[in-house]
Amino acid sequence: MDATRRDFIAGCNGHRRSAQQIMIWHTRRNHAHQEVPSDPALRVKSLESLLVEKGLVDRAAIDAMVDIYENKVGPRNGARVVARAWIDPAFKQRLLANATSAIAELGFSGEQGQDVVVVENTPKVHNLIVCTLCSCYPWPVLGLPPVWYKSAPYRSRAVIDPRGVLREFGTVLPNDIEVRVWDSTSEERYMVLPERPAGTDGLSEEALAALVTRDSMIGVAQVKVGSGRSAE
């Protein structure tokens with residue numbers, strides 16, 4: 001084990017590194033060693049080749065599945081759900097009562113999206129989503145979970161010190177706003193309905209959707225006028 005990895009693990013064990021630092025560390029490490037796939041990647045490639053060779057799977061089917069989760073599901077879907085809820089009070093009511101059914105009205109459903117619960121941010125309540133067990137996440141509306149969401153420091157500190165985690169993402173809340181942390185599981189996955197920002201009354205549904213970021217639907221950020229959709 002090299003010194004860099006030892007230092008990183010030591011920092012994580014003490015929960016001294018933020019979730020964003022972990023993401024940056026992984027990104028730099030991946031860029032520095034792009035020519036050599038990670039051990040998990042090598043195992044996946046080997047397993048895929050073996051299954052294809054034995055005729056147990058179709059490589060085209062695998063490519064189609066990858067394309068679905070890279071290009072056809074993700075935060076853009078969740079942003080459409082949020083924008084619709086902002087402009088359609090009846091849809092919002094259905095969304096908060098039965099999110100899975102309401103989301104399906106817009107054509108978004110599938111694996112990891114069978115049991116979704118939407119929680120609403122208000123002027124007095126801010127919601128934060130985490131999965132303390134692993135990385136349960138509503139794929140059809142948010143895509144695949146970001147690296148920091150799956151990291152041990154985020155999963156533990158979101159529960160222990162949610163305001164501290166929010167500050168690290170640049171979200172500083174007044175003390176009179178209650179922070180509620182929701183723990184996703186394989187049976188129930190959560191998504192945040194952010195507050196609609198002031199000054200957006202004249203915007204179309206499409207324009208509103210463009211303001212909504214993945215991070216705002218996890219709860220580590222707020223929607224602001226002029227904010228663009230975060231990287232997926």
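These are my notebook entries on a predicted model.

**Entry: strand β4**

I began with β4, residues 189-193. Is this strand mostly covered or mostly open? It is mostly covered, with five of its five residues buried. I then sorted its side chains by direction. R189, M191 and L193 point one way from β4. Y190 and V192 point the other way, and all of these residues are buried. I noted the general pattern beside this: in a regular strand the side chains alternate between the two faces of the sheet.

Next I looked up the pairing with β1, residues 116-120. Five bridges join β1 to β4, and the two run parallel. In this pairing V116 stands opposite R189 of β4.

**Entry: aromatic pairs**

I searched the whole structure for aromatic pairs and got six. One of interest is W182 with Y190, a tilted pair. Their centres are 5.2 Å apart, with 40 degrees between the planes. I count this pair as tilted because 40 degrees is neither under 30, as for stacked, nor over 60, as for edge-to-face. I checked the exposure of both partners. W182 counts as partly exposed because its relative accessible area is 27%, which lies between the 20% and 50% cut-offs. Y190 has a relative accessible area of 9%, so this residue is buried.

I also found a cluster of rings. Ring pairs link Y137, W148, Y149, Y154 and F169.

**Entry: nonpolar core**

How many residues does the largest nonpolar core have? I get 46. The residues with the most contacts inside this core are V81, L95, I103, Y149, Y154, M191 and I218. Helix α5, residues 75-87, gives the largest share of the core, six residues. Two names here came up earlier: Y149 and Y154 belong to the ring cluster. M191 is one of the buried residues of β4.

I followed I218 further, leaving aside its neighbours within four places in sequence. Its contacts include Y137, W148, Y149 and Y154. I also list N127, L128, I129, L142, P146 and V192 for I218.

**Entry: helices α5 and α3**

Helix α5 has 13 residues. From first C-alpha to last it reaches 19 Å, close to the 18 Å expected at 1.5 Å a residue. Which residues of α5 are buried? They are P75, N77, G78, A79, V81, V82, A83, A85 and W86.

I ran the length check on α3, residues 39-53, too. It has 15 residues and spans 21 Å, close to the expected 21 Å. Just after α3, G55 takes a positive phi of about 75 degrees.

**Entry: N121**

N121 sits in the loop between β1 and β2, residues 125-130. Its relative accessibility is 6%, so N121 counts as buried. What does its side chain reach? The side chain of N121 makes a polar contact with the side chain of H126 at 3.5 Å. The N121 side chain also reaches the backbone nitrogen of N127, at 2.8 Å. Not counting residues up to four places away in sequence, N121 touches H126, N127, V192, L193, P194 and E195. Of these, V192 and L193 are residues of β4 that point opposite ways.

**Entry: Q114**

Last, I looked up Q114, in the loop between α7 and β1. Q114 counts as partly exposed because its relative accessibility is 43%. Q114 and P138 are 24 residues apart in sequence. In space the two are 8.5 Å apart, C-alpha to C-alpha.

Methods: Residues are numbered from 1 along each chain as its sequence is written. This is a predicted model: local features need pLDDT of at least 70, side-chain atom pairs count only at pLDDT 80 or more; totals for chains, interfaces and linings use all residues. Side-chain values use heavy atoms; hydrogens and water are left out. Helices (H or I, at least four residues) and strands (E, at least two) are DSSP runs, numbered from the N terminus. The expected span of a helix is 1.5 Å times one less than its number of residues. Buried means under 20% relative accessible area, exposed over 50%, partly exposed in between (1.4 Å probe, protein chains only). Two strands pair if DSSP finds at least two bridges between them. Rings of Phe, Tyr and Trp (its six-membered ring) pair if their centres lie within 6.5 Å; planes under 30 degrees apart count as stacked, over 60 as edge-to-face and the rest as tilted. A nonpolar core is a set of buried Ala, Val, Leu, Ile, Met, Phe, Trp, Tyr and Cys residues joined through side-chain atoms within 4.5 Å. Contact means heavy atoms within 4.5 Å. A polar contact is a pair of N or O atoms within 3.5 Å; within protein, one must be able to donate a hydrogen and the other to accept it, and residues adjacent in sequence count only if both atoms are side-chain atoms.
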